[in-house]
Amino acid sequence: MNNMPPIASPVRTQAILNQYHLSAKKSLGQNFLTDLNVLNNIVEAAQLGPDDNVIEIGPGIGGLTELLAQHAKSVLAFEIDSQLIPVLEDTLAPPYGNVTVLNQDILKANLPDTVIEYFGKGEKVKVVANLPYYITTPIVLDLIQNPVKFDQIVVMMQKEVAERLTATPRHKAYGSLSVIVQQLTTPEIAFTVPSSAFIPAPKVDSAIVSLVPAKPEEREQPYDQKKFIGFVRGCFMHRRKSLWNNLQGVFGKKPKVKDQITTALTDLDIDPSGRPEELAVKQFVLLTNKFHELGLLN
Ligand code: SAM
């Protein structure tokens, strides 16, 4: 088994797909990574060491899992496709005693309890994954707001989504996702990946993003996370309209409300005729808290 080529090598991946009569399921975002350089760079971006426990989302046939198992203390992988479970048992089990695969939908998993069950309390936990692209945003939003405090999240996604996560004010890609993600983490594009690195090749290029969660004391905090997200999304509802118009969309057009919006913007020294994309992340938090103080958000 140990003399086998790596699972992610193109020749072995193809052999596994043939042996188990598997064809990649588009509906589950199955694109298997077969570029060993890319895999090594992912492990490097995650700075994996022997103290790190890793959660992997969507191990597929185990290409990335194999490398994670070689570099980390232990790996807990969530795979939704039950057809892949026996494959993973075969490809990973004998040499890698530090891997557990759960046949679960990551969006329905109870991560806080599962992490304690498998890794114990107070352990270092990172997420490393080649994400299914059809649910990248819900997965990332769930991870960064999860009660589990991850040390680092290193995930492959569509390049365009990576650009939205990391965009700064006044850039085309800057929007509600950038603000929400950057309020909770520092995201960085580690490197981009051509579609030729996968079997089958996706239609889009990809990028590896590293997200380092921010300590609460490092950032201005909204009075309520859910209200903050709703407010930020409302502000970007009509990107081409002014902030003033978007705020009227969020809160309504009654004269009293208009006065409150004017008060909030004046107090925070924000130009009402500017566009939402001109505001920094901190300004969205301050506005959320100001509208809460004024009774418009509760
Ligand atoms: N890790 C493998 C690799 O890098 O070659 C496969 C990555 S593939 C892009 C995404 C994987 O996520 C697939 O194995 C797919 O079955 C799995 N998946 C899709 N939706 C999922 C979900 N909701 N929960 C867990 N796994 C999921």
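**Exercise 1.** In this predicted model, determine in which sense strand β3 and β4 pair, and over how many bridges.

*Solution.* Strand β3 covers residues 74-78. Its pairing with β4 is parallel and runs over four bridges. One residue pair serves as a check: Leu 76 has Thr 100 in β4 as its bridge partner.

**Exercise 2.** Place β4 in the sheet and state which strands stand at the edges.

*Solution.* Start with the strand order, which is β4-β3-β2-β5-β6-β9-β7 in an open sheet of seven strands with mixed pairing. Next, read off the edges: β4 (99-102) and β7 (185-193) each have a single partner strand, so one side of each lacks a neighbour in the sheet. Finally, consider the twist: neighbouring strands are turned against each other by 20° on average, direction ignored.

**Exercise 3.** Find which strands helix α6 and helix α8 lie across.

*Solution.* Take helix α6 (residues 136-145), which lies across β2 (53-57), β5 (125-130), β6 (152-158) and β7. Its angle to β6 is about 170°. Then take helix α8 (residues 176-184), which lies across β7 and β9 (206-213) and runs at about 115° to β7.

**Exercise 4.** Classify the crossing of α10 and α11, and describe the residues in contact.

*Solution.* The axes of helix α10 (residues 243-251) and helix α11 (residues 255-267) come within 11 Å and cross at roughly 130°. The two helices are therefore oblique. The crossing is right-handed. On the α10 side, Leu 243, Trp 244, Leu 247, Gln 248 and Phe 251 take part, meeting Val 257, Lys 258, Ile 261, Thr 262 and Leu 265 of α11. By class, the residues of this contact are seven nonpolar, two polar and one charged.

Terms used: Residues numbered from 1 in each chain as written. Predicted model: local features only at pLDDT ≥ 70, side-chain atom pairs only at ≥ 80, totals over all residues. Heavy atoms only, no water. Pairing = 2+ DSSP bridges. Axes fitted to C-alpha atoms, helices over the stretch in contact; angles between N-to-C directions. Contact = heavy atoms within 4.5 Å. Parallel < 35°, antiparallel > 145°, perpendicular 65-115°, else oblique. Left-handed = near helix turned anticlockwise from the far one by under 90°. Nonpolar A, V, L, I, M, F, W, Y, C, P; charged D, E, K, R; others polar.
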